[in-house]
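Reader: I keep meeting words like "antiparallel" and "salt bridge". Could you show me how such labels get earned?

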Amino acid sequence: MKPGDVLSGRYRLVELLGKGGMAEVWKADDRERAREVAVKLVRPPQELIDWFGAEDMNRDRAELHGRFRREGALPAARSPRAGGWISRRSVEEILTEVGRELARGEAGPATERLAELLPVARRQFGADPLVGEARMACADSLRITGDCGRAGALYRQQAEDLAQKSDPPSRAMGLVARLGVAECRIPFGELDVALDGLRAVAAEAGVLPADLLEPVVAGCEELGVELSELGREEEVEEILASLPRRTP
């Protein structure tokens, strides 16, 4: 890198401020906002390059290394589908914004951004609870604003991720996700699918510790009301009757 180079069509490098074994820090001009900024250019270790190479066999490793040396994390943060990486802090910050959007009953830019980042987060962080939390928050936000197709897909991914886990918190989270799948089928008129999901949840809820049943029972009752309004009262009542009692 040298003074005058422009990164991502926006940041013009002015002066090298310092460097270490992993990165360089440059003084730069942000041409979009007309202000001085500090830009950190990361030189990734070989294992990171190897990881990206394994994810995309069509990507030339030398080209990838060159792109990171030229532009650091800037394009990756904007375009995870191009093979970029994100930080845990980024997910946490966007998740906070999604929570605000969910409280307002809207799926805004933060929800869309989180939906875009979820596949990358899943690859990087694996079974980290943060990924599940982000996926559920994103699904909730999409469902509440009527995007039931995408919301149902996210709920299903979460349920599948947790299906093999035996610890009670994971099972409870998995049941909540399956409730989400069932809820998302109602707008499409797939009542049998929704009822089957509710029956499965009711069957599994009976073996969970009582102190973890609150969200499951509440979700089943809410779903039952929606199904009742669509003319499936007897089936819904039978399913709800099989649920464990809510703890005092």
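Author: Here come a few labels, each set against its rule. The model is a predicted one, where local features need pLDDT of at least 70, side-chain atom pairs count only at pLDDT 80 or more, and totals for chains, interfaces and linings use all residues. Residues are numbered from 1 along each chain as its sequence is written, and side-chain values use heavy atoms, with hydrogens and water left out.

Reader: Why are helix 7 and helix 8 called roughly antiparallel?

Author: Helix 7 covers residues 148–162, helix 8 covers residues 168–185, and their axes cross at roughly 155 degrees, coming within 8 Å. Angles run from 0 to 180 degrees between N-to-C directions, along lines fitted to C-alpha atoms over the stretch in contact. Over 145 counts as roughly antiparallel (under 35 is roughly parallel, 65 to 115 roughly perpendicular, the rest oblique), so this pair is roughly antiparallel.

Reader: What makes residues of helix 7 and helix 8 count as meeting?

Author: Contact means heavy atoms within 4.5 Å. Among the residues that meet are Ala151 and Tyr155 in helix 7, and Met173 and Val181 in helix 8. By class, that contact has nine nonpolar, five polar and two charged residues. Asp, Glu, Lys and Arg are the charged ones; Ala, Val, Leu, Ile, Met, Phe, Trp, Tyr, Cys and Pro are nonpolar; the others, Gly among them, are polar.

Reader: How do you know that helix 10 and helix 11 are roughly antiparallel too?

Author: Same check! The axes of helix 10 (residues 214–228) and helix 11 (residues 233–241) cross at roughly 165 degrees, which makes helix 10 roughly antiparallel to helix 11.

Reader: What makes Glu112 and Arg150 a salt bridge?

Author: The rule asks for a side-chain nitrogen of Lys or Arg within 4 Å of a carboxyl oxygen of Asp or Glu. For Glu112 and Arg150, the closest N and O atoms are 2.8 Å apart, so the label fits. Glu112 sits in helix 5 (residues 109–125) and Arg150 in helix 7, so the pair ties together parts 38 residues apart in sequence. The structure holds 19 salt bridges.

Reader: How do you know that strand 2 and strand 3 pair?

Author: Two strands pair if DSSP finds at least two bridges between them. Strand 2 and strand 3 (residues 23–30) have seven, in the antiparallel sense, so they pass. Arg12, for one, has Asp29 in strand 3 as its bridge partner.

Reader: And which strand does strand 1 join?

Author: Strand 1 (residues 6–7) is joined by two bridges to strand 2 (residues 11–19), running antiparallel. Leu7 stands opposite Tyr11 there.

Methods
Helices (H or I, at least four residues) and strands (E, at least two) are DSSP runs, numbered from the N terminus.
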